[in-house]
Amino acid sequence: MSEAIYTLNAEIRNDLGKGASRRLRHADKVPAIIYGGHQAPLSVTLEHNKLIQAQANEGFYTHILTINVGGEEVKAIVKAMQRHPFKPKVMHVDFQRVEAGHELHTIVPLHFVNEAAAGKKGGIVAHHINEVAITVLPANLPEFIEVDLANVEVGVTLHLSDLKVPAGVTIAELAKGAGHDQAVVSVNKPAGKADAEAAE
């Protein structure tokens with residue numbers, strides 16, 4: 001995917017407050033804040049159309065973005081995005097600065113592959129979670145974690161500890177101890193079949 005998707009141009013915003021934010025939105029601009037690291041939070045504005053195009057890509061939420069602000073490049077990730085309740089509009093974005101050598105705490109999506117293989121074995125795939133919180137250095141940040149169901153038998157549940165995570169990635173829940181090994185996905189027996197076996 002083009003790196004241009006992950007580059008945004010921003011302007012420093014000095015006019016703060018609800019009224020100012022409303023005026024910006026009328027001008028098709030989105031108020032945002034960049035925080036974290038060793039610098040003070042920075043209030044900026046973004047072009048709404050460019051932001052809408054960029055955020056349509058799943059990788060936008062897990063990729064390190066380059067935000068051009070006043071001639072400087074700021075590396076950041078999306079931490080929160082506030083949307084309009086019913087219009088296709090972004091109301092506000094929180095970005096967190098990324099500094100090499102400092103761990104990020106972020107959420108990445110799970111990509112389930114080979115689900116058809118589980119279906120061919122007569123199983124029904126049930127997702128328990130679709131994303132996972134991780135701790136990782138910026139250089140090792142994955143866009144997603146793949147969950148391969150090719151060799152998962154019917155009746156088996158995969159947990160967080162079964163995931164093959166890239167080097168340098170720590171799953172936040174597992175770092176809390178064995179009691180936090182959440183179920184990720186199950187390949188279940190069809191209901192009728194399971195009931196019939198239980199009755200035997």
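**Exercise 1. Which residues does Val184 touch, not counting residues up to four places away in sequence?**

Solution. Step 1: contact means heavy atoms within 4.5 Å. Step 2: with that cut-off, Val184 touches Leu110, Phe112, Ala126, His127, His128, Ile129, Leu158, His159, Leu160 and Leu163, leaving aside residues up to four places away in sequence.

The model is predicted: local features need pLDDT of at least 70 and side-chain atom pairs count only at pLDDT 80 or more, while totals for chains, interfaces and linings use all residues. Residues are numbered from 1 along each chain as its sequence is written, and side-chain values use heavy atoms, with hydrogens and water left out.

**Exercise 2. Find the residues that touch the most other members of the largest nonpolar core, and the elements that give two or more residues to this core.**

Solution. Step 1: a nonpolar core is a set of buried Ala, Val, Leu, Ile, Met, Phe, Trp, Tyr and Cys residues joined through side-chain atoms within 4.5 Å. Buried means under 20% relative accessible area, exposed over 50%, and partly exposed in between (1.4 Å probe, protein chains only). Step 2: the largest core has 24 residues, and Leu110, Val132, Ile134, Val147 and Val184 touch the most other members. Step 3: two or more residues each come from strands S7 (104-113), S9 (131-136), S10 (145-148) and S13. Helices (H or I, at least four residues) and strands (E, at least two) are DSSP runs, numbered from the N terminus. Step 4: S7 gives the largest share, four residues. Step 5: a second, separate core has 21 residues, including Leu8, Ala76, Met81 and Phe95.

**Exercise 3. In what order do the strands of the open sheet stand, and which strands are at the edges?**

Solution. Step 1: two strands pair if DSSP finds at least two bridges between them. Step 2: the three strands stand in the order S8-S13-S11, with antiparallel pairing. Step 3: S8 (124-127) and S11 (156-159) are at the edges; each has a single partner strand, so one side of each lacks a neighbour in the sheet. Step 4: from one strand to the next the twist averages 15 degrees. Axes are lines fitted to C-alpha atoms, for helices over the stretch in contact, and angles run from 0 to 180 degrees between N-to-C directions. Step 5: four bridges pair S11 with S13 (residues 183-188) in the antiparallel sense. Leu158 has Val185 in S13 as its bridge partner.

**Exercise 4. Trace the closed barrel strand by strand.**

Solution. Step 1: six strands run S1-S3-S2-S6-S5-S4, and the pairing is mixed. The average twist from one strand to the next is 45 degrees. Step 2: S1 (residues 7-12) and S3 (residues 42-47) run antiparallel and are joined by three bridges; Glu11 has Thr45 in S3 as its bridge partner. Step 3: S2 (residues 29-35) pairs with S3 over six bridges, again antiparallel. Here Val30 is opposite Leu46, and Ala32 is opposite Val44. In the hairpin of S2 and S3, with six residues between the strands, Gly36 has a positive phi near 100 degrees. Step 4: S2 and S6 run parallel, with four bridges between them; Ala32 is opposite Val93 in S6. Step 5: S5 (residues 72-83) pairs with S6 in the antiparallel sense over seven bridges, and Met81 is opposite Val93. Six residues form the hairpin connection from S5 to S6.

**Exercise 5. Is strand S6 largely enclosed or left open by the rest of the structure?**

Solution. S6 (residues 90-97) has eight residues, of which seven are buried, so the strand is largely enclosed by the rest of the structure.

**Exercise 6. Place helix H2 on the sheet, then describe His48.**

Solution. Step 1: H2 packs on the sheet of the barrel and touches S1, S2, S3, S5 and S6. The direction of H2 makes about 85 degrees with that of S3. Step 2: His48 lies in H2 (residues 48-55). His48 has a relative accessible area of 6% and is therefore buried. Step 3: the side chain of His48 reaches the backbone nitrogen of Val90 at 3.0 Å. Step 4: beyond four places in sequence, His48 touches Asp28, Lys29, Val30, Pro88, Lys89 and Val90.

**Exercise 7. Where in the protein chain is confidence lowest, and where is it highest?**

Solution. Step 1: pLDDT is the predictor's confidence in each residue, from 0 to 100. Step 2: the protein chain averages 87, and 88% of the residues score at least 70. Step 3: confidence is lowest in helix H5 (residues 191-199), with a mean of 52, and highest in S10, at 96. Step 4: over residues 194-200 pLDDT stays under 50, and the model has two contacts beyond four places in sequence for them.

Definitions and conventions
A polar contact is a pair of N or O atoms within 3.5 Å; within protein, one must be able to donate a hydrogen and the other to accept it, and residues adjacent in sequence count only if both atoms are side-chain atoms.
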